[in-house]
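Here is a short tour for anyone who likes to read a model contact by contact. Have a look at the sequence and the fold, and then we can walk through them together.

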Amino acid sequence: MRTTAVGDVTILLPDLDPDDLDSTTEPDADLTDLHVDNASWRGVALDEVRVRGSRITGSDLSESTWEGGTVFGCEIVRTDFSGANLSGLSVERSVVTGSRFTGARLTDVRLKDVLFDGCRFDYATFSRVAAGGAVAFVDCIFTDATWSSCRLPKVVLRSCQLARLELASSQLQGADLRGNSLRGLKTALANLYGVTLTEEQLPDLTHLAVGELHLAVRAQ
């Protein structure tokens, strides 16, 4: 069993053998034990598609619509989901690396044992995204993104760009935000209830508090 640790969280990883994967570039309702490389699926509509034990690399799923379905035990590498609409999707024991979700909409997505490494989520919208297990974002970009009504307890963010990330009515209790700049975060303090920070992040937290409370800070 392969695992990786990010902060205090241990994530189960997919265990794929490239020699056991067949190649395809055609979308199907059941993608099991397949290698999808450089597929052009821009604008494709995927309904209840199940992807299991597969590897997707260098593919284009921008402007696609993926409703329902599951992703289990998969590796997704350098794949473009820009402008995609991902709804009701369940993602478990998977790694997403170097992929782009610019302007994507993730709605009612469930995550468990998922690692996002070096991905772009700028201008993306997370709505009712929930974590049912270990989830980590490492070196990801969330500039101008929005998280609304999300439940992401104990999620780990490391070395991420959070400028103008907007948090609304979200639950992050137990989330580990160490190693990220909070300056420019757009949120009420209540959305940060119970998160873990370092002492070096406290000035950023103070800046958020001053803005939320409309405090006047003046020289003596």
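How exposed is Arg178, in terms of relative accessibility? Keep in mind that this is a predicted model. Arg178 counts as partly exposed, because its relative accessibility is 26%.

**Salt bridges**

Eight salt bridges are found in the structure. Three of them are set out here, each with the distance between the closest N and O atoms.

| Salt bridge | Closest N and O atoms |
|---|---|
| Arg178 and Asp8 | 3.9 Å |
| Asp122 and Arg120 | 3.1 Å |
| Asp176 and Arg178 | 2.7 Å |

The pair of Arg178 and Asp8 deserves a second look. Arg178 sits in the loop between β21 (166-168) and β22 (186-187), and Asp8 in the loop between β1 (3-6) and β2 (9-12), so this salt bridge ties together parts that are 170 residues apart in sequence. Asp8 is exposed, with a relative accessible area of 72%, whereas Asp176 counts as buried at 6%. Together with Arg158, the residues Asp8, Asp176 and Arg178 are linked in a salt-bridge network.

In the pair of Asp122 and Arg120, Asp122 is buried, with a relative accessible area of 7%, while Arg120 is partly exposed at 30%.

**The nonpolar cores**

The largest nonpolar core holds 56 residues, and those touching the most other members are Phe116, Phe121, Phe126, Phe137, Phe142, Trp147 and Leu157. Two or more residues come from each of β5 (34-37), β13 (90-97), β15 (110-117) and β18 (135-138). The largest share, three residues, is given by β15. A second, separate core has ten residues, among them Ile11, Leu13, Leu115 and Val156.

Leu157 brings us back to the charged residues: leaving aside residues up to four places away in sequence, its contacts include Phe137, Phe142 and Trp147, as well as Asp176 and Arg178.

**Strand pairing around β15**

How many bridges join β13 to β15? There are seven, and the two strands run parallel; within this pairing, Val95 has Leu115 as its bridge partner. Strand β15 also runs parallel to β18, with four bridges between them, and here Phe116 is partnered with Phe137. Two bridges connect β15 with β17 (130-131), again in parallel, and Arg110 pairs with Ala130 there.

**A nonpolar surface patch**

Leu213, Leu215 and Val217 form a nonpolar patch on the surface, with a joint accessible area of about 320 Å². Leu213 lies in the segment after α1 (202-212) and is exposed, at 54% relative accessible area.

Conventions
Residues numbered from 1 in each chain as written. Predicted model: local features only at pLDDT ≥ 70, side-chain atom pairs only at ≥ 80, totals over all residues. Heavy atoms only, no water. Core = buried A, V, L, I, M, F, W, Y, C linked by side-chain atoms within 4.5 Å. Buried < 20%, exposed > 50% of the residue type's maximum accessible area, 1.4 Å probe, protein only. Contact = heavy atoms within 4.5 Å. Pairing = 2+ DSSP bridges. Patch = residues over 30% accessible without salt bridge, like charges linked within 9 Å, V, L, I, M, F, W, Y side chains within 5 Å. Areas by Shrake-Rupley, 256 points an atom, 1.4 Å probe, with all protein chains shown as cover. Salt bridge = Lys/Arg side-chain N within 4 Å of Asp/Glu carboxyl O.
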